[in-house]
Number of protein chains: 6
Amino acid sequence: MATLGLIEYEDASPEVRAVYDDIMATRKVDRVNNFWKAIAHDPVTLKRTWESIKQVMAPGALDALTKELIYVAVSVTNNCGYCIATHTAAAQKKGMTDAMYAELMAAVGMANETNNLATGYQVEVDDPFKKPRSR
Amino acid sequence: MATLGLIEYEDASPEVRAVYDDIMATRKVDRVNNFWKAIAHDPVTLKRTWESIKQVMAPGALDALTKELIYVAVSVTNNCGYCIATHTAAAQKKGMTDAMYAELMAAVGMANETNNLATGYQVEVDDPFKKPRSR
Amino acid sequence: MATLGLIEYEDASPEVRAVYDDIMATRKVDRVNNFWKAIAHDPVTLKRTWESIKQVMAPGALDALTKELIYVAVSVTNNCGYCIATHTAAAQKKGMTDAMYAELMAAVGMANETNNLATGYQVEVDDPFKKPRSR
Amino acid sequence: MATLGLIEYEDASPEVRAVYDDIMATRKVDRVNNFWKAIAHDPVTLKRTWESIKQVMAPGALDALTKELIYVAVSVTNNCGYCIATHTAAAQKKGMTDAMYAELMAAVGMANETNNLATGYQVEVDDPFKKPRSR
Amino acid sequence: MATLGLIEYEDASPEVRAVYDDIMATRKVDRVNNFWKAIAHDPVTLKRTWESIKQVMAPGALDALTKELIYVAVSVTNNCGYCIATHTAAAQKKGMTDAMYAELMAAVGMANETNNLATGYQVEVDDPFKKPRSR
Amino acid sequence: MATLGLIEYEDASPEVRAVYDDIMATRKVDRVNNFWKAIAHDPVTLKRTWESIKQVMAPGALDALTKELIYVAVSVTNNCGYCIATHTAAAQKKGMTDAMYAELMAAVGMANETNNLATGYQVEVDDPFKKPRSR
């Protein structure tokens with residue numbers, strides 16, 4: 001169980017319910033993930049986090065699926081089990097095929113490998129990628 | 001300087017030169033990044049890593065730019081300065097605009113925040129996202 | 001089960017029991033956490049780790065609760081499930097209210113987000129925060 | 001230099017200047033850190049991040065210094081050089097003495113050590129710290 | 001269950017079976033770990049990863065056990081539960097005694113502690129360990 | 001410069017000098033690394049950390065070089081620049097050849113890759129590697 005437990009809709013205050021309602025309406029779903037029910041003990045963080053997520057994950061210069069793939073990549077690198085499970089499901093819902101998933105995992109794996117090779121070999125940045133110091 | 005120094009083209013063995021040549025031909029560039037020159041002290045790792053990168057980063061179910069964005073997302077989460085500098089440049093070369101970059105950073109930032117909230121609040125995976133145990 | 005299993009008090013050597021006794025006396029509890037029982041297979045590490053923890057976590061310039069909050073912040077960032085569960089409980093025992101817990105999580109989450117934004121945007125340290133090089 | 005460079009006050013749009021002004025007024029300083037100038041290329045993220053930071057770091061159930069210590073603890077664990085430099089300075093400004101700093105570092109170090117011992121030894125959570133599964 | 005489930009030998013394509021056969025023959029075992037069955041949905045990644053592992057983990061300048069200890073050290077630092085469980089077992093099979101295991105854990109723990117102390121105290125590299133910049 | 005600066009031998013208190021002397025005698029060197037000079041502002045942490053390192057890194061069931069390789073593996077995974085520079089140098093002094101170094105880096109890189117593949121694919125632990133729950 002989450003540290004402070006989960007706050008279900010029927011037990012929620014009006015301000016928490018308003019966020020739950022907006023989550024369900026925005027995502028066109030009829031339930032709210034445990035993540036939101038867990039942080040609902042702190043309505044200010046609940047509202048701020050949801051508003052931020054809604055803003056950040058909306059399609060813009062990057063489409064919604066690409067953003068979801070990025071979310072999964074970060075979650076895997078951070079080894080966040082909850083986040084991997086839920087955002088993988090979200091990406092699938094947004095159109096991620098098994099082939100896309102496999103390529104995502106392959107890229108995440110290679111990035112983690114070469115990150116460590118670059119760091120371990122203490123490679124310095126190539127001159128063309130350096131920028132002049134800011135004033 | 002890299003741990004073992006960098007191996008420049010003119011000092012490289014034929015097998016190392018063959019990899020350098022393939023990197024330049026594949027990427028249509030006339031220089032090889034320090035990363036490759038640093039790991040060239042180990043020609044087996046050089047060849048294996050390049051062949052893997054070439055396979056993983058080639059367009060497939062995901063296009064080349066999306067894969068580069070994923071690479072940047074992982075590199076930022078791992079805090080690999082070298083990788084951030086070079087893969088951000090690579091993504092820009094493949095078409096990443098400043099607007100796309102800004103949205104990438106925003107998504108990486110939010111993913112790192114909510115990863116920690118989910119982990120910290122000890123949220124358990126929602127039933128719909130759980131899968132039956134494998135046999 | 002822990003890699004090497006747990007060593008219970010009744011099965012412990014005198015030197016291990018001495019550490020267990022000191023843990024229970026110092027913390028005014030009547031049981032020893034699994035962490036200590038797991039590393040007790042290595043009595044030298046058990047004793048060194050306990051003596052270090054006892055020294056580091058004792059109230060000093062920072063009070064005991066603040067130190068526990070710091071421990072939770074690190075454990076969440078490292079995604080250590082065992083450590084989050086036990087140190088959150090320890091912090092609650094030392095007086096952490098739900099409101100304090102919520103603010104702790106919010107700060108940890110934001111710190112992780114802005115850490116990644118600073119790293120991703122490759123921000124250089126402001127001049128006022130730089131220090132002269134040591135001799 | 002930051003990926004997209006820094007936006008100085010005199011070059012900023014009115015909406016960016018409004019955030020800069022609020023940062024300086026809230027913190028009672030006459031300059032804005034490079035962090036804000038770097039992300040100002042994305043005014044939406046600039047505003048959202050500042051509003052979030054202002055909310056999260058304001059004194060509440062935890063005082064402002066304790067929150068700053070938590071920020072430093074996370075930044076060290078994430079190895080974010082920029083964040084360590086600026087938040088250590090911020091903590092000092094809010095009253096962190098050298099003795100408090102030393103205890104903070106000691107606690108962060110031990111937490112990282114015992115996190116890895118708990119993870120490495122595969123210690124399972126003690127029954128008293130487990131909670132009943134949520135419905 | 002793994003994201004895409006596990007592919008058992010009897011359900012595998014000839015190319016996947018060929019990798020499974022090579023794993024079992026190389027390791028002199030009669031079963032294949034879930035890791036390989038999970039990534040077998042992507043036969044290209046399966047083959048590339050196995051060929052890479054076979055090359056990297058073969059005895060060379062470092063013996064096979066030392067390489068396995070390094071694998072465990074990385075897995076603990078990354079907090080990868082699956083990897084810790086399987087590579088600890090693999091190390092034991094290759095001759096890791098309980099005493100060696102205890103010293104491995106102690107070294108991993110101390111390295112994580114001092115990494116954070118060095119990072120937190122913002123220690124600069126000693127002149128003797130600096131190298132001239134590459135040309 | 002380190003956060004609180006470095007304490008040189010000639011400026012050190014007798015208790016700090018005693019640790020410096022022991023470091024130089026134990027390691028048979030005539031200088032003390034910046035790491036120790038940086039944490040010497042906190043003599044209690046200086047002494048505790050040195051005593052712990054001395055104990056943990058002494059040859060035992062694992063030889064001194066193997067322990068140093070493990071230290072480098074952890075430092076690379078944590079991306080601790082200072083630690084990578086100094087412990088790579090220490091490993092070389094203890095006998096690490098360029099060939100051993102190359103194999104170390106290759107193993108660290110592959111471990112980081114497969115850690116992420118195992119985590120990303122949400123692979124569950126194989127039955128043979130599971131242990132009965134502790135009582």
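**Reading the interfaces and two loop residues**

Guide: In this predicted model, 20 residues of chain D are in contact with 20 residues of chain E.

Visitor: How much area do chain D and chain E bury between them?

Guide: The size of an interface is often given as the accessible area lost when the parts come together. For chain D and chain E the buried area is about 1,700 Å², with 58% of it on carbon and sulfur atoms.

Visitor: How many salt bridges, and how many residue pairs in polar contact, are found between chain D and chain E?

Guide: The rule finds 0 salt bridges across the interface of chain D and chain E, while the count of residue pairs in polar contact, both at pLDDT 80 or more, is 4. On the side of chain D that touches chain E, at least two residues each come from helix H4 (64–78), helix H5 (81–93) and helix H6 (98–120) of chain D, and H6(D) gives the most, with 13 residues. Sorted by class, that side of chain D has 11 nonpolar, 8 polar and 1 charged residues.

Visitor: What turn lays chain D on chain E?

Guide: A turn of 180°, with a shift of 0.0 Å along the axis, lays chain D on chain E with an RMSD of 0.0 Å, and the two copies are thus related as by a two-fold rotation axis. The C-alpha of chain D nearest that axis belongs to D:Glu113, which is 2.4 Å from it. Of the interface residues of chain D, 100% are also interface residues in chain E, so the copies meet through the same surface.

Visitor: How should the contact between chain A and chain B be read, and how many residues does it take from each chain?

Guide: The contact takes 61 residues from chain A and 61 residues from chain B, and the area buried between these two chains is about 5,500 Å², of which carbon and sulfur atoms give 68%. Chain A is superposed on chain B by a rotation of 180° with 0.0 Å of shift along its axis, at an RMSD of 0.0 Å. Here too the copies meet through the same surface, because 100% of the interface residues of chain A are also interface residues in chain B.

Visitor: Which polar features and which elements of chain A take part in the contact with chain B?

Guide: There are 6 salt bridges between chain A and chain B, one of them joining B:Asp126 to A:Arg31, whose closest N and O atoms are 2.7 Å apart. Residue pairs in polar contact between the two chains, both at pLDDT 80 or more, number 32. The elements giving two or more residues to the side of chain A that touches chain B are helix H2 (34–39), helix H3 (43–57), helix H4 (64–78), helix H5 (81–93) and helix H6 (98–120) of chain A. H6(A) gives the most to this side, with 17 residues, and by class the side has 36 nonpolar, 17 polar and 8 charged residues.

Visitor: What is the value of phi at E:Lys28, and is the residue buried or exposed?

Guide: Most residues other than glycine have a negative phi, and most peptide bonds are trans. E:Lys28 has a positive phi, near 55°, and is found in the loop between helix H1 (14–27) and helix H2 (34–39) of chain E. With a relative accessibility of 71%, E:Lys28 counts as exposed.

Visitor: Where does F:Asn79 lie, and does this residue count as buried or exposed?

Guide: F:Asn79 lies in the loop between helix H4 (64–78) and helix H5 (81–93) of chain F, and its phi is positive, near 60°. At 15% relative accessibility, F:Asn79 counts as buried.

Note on methods. Residues are numbered from 1 along each chain as its sequence is written. Chains are lettered from A and ligands numbered from 1 in the order in which they are written. This is a predicted model: local features need pLDDT of at least 70, side-chain atom pairs count only at pLDDT 80 or more; totals for chains, interfaces and linings use all residues. Side-chain values use heavy atoms; hydrogens and water are left out. Copies are superposed by least squares on the C-alpha atoms of residues with pLDDT of at least 70 in both. Contact means heavy atoms within 4.5 Å. Helices (H or I, at least four residues) and strands (E, at least two) are DSSP runs, numbered from the N terminus. Buried means under 20% relative accessible area, exposed over 50%, partly exposed in between (1.4 Å probe, protein chains only). Buried area is the accessible area (1.4 Å probe) that two parts lose on being put together, summed over both. A salt bridge is a side-chain nitrogen of Lys or Arg within 4 Å of a carboxyl oxygen of Asp or Glu. A polar contact is a pair of N or O atoms within 3.5 Å; within protein, one must be able to donate a hydrogen and the other to accept it, and residues adjacent in sequence count only if both atoms are side-chain atoms. Ala, Val, Leu, Ile, Met, Phe, Trp, Tyr, Cys and Pro count as nonpolar, Asp, Glu, Lys and Arg as charged, and the others, Gly among them, as polar.
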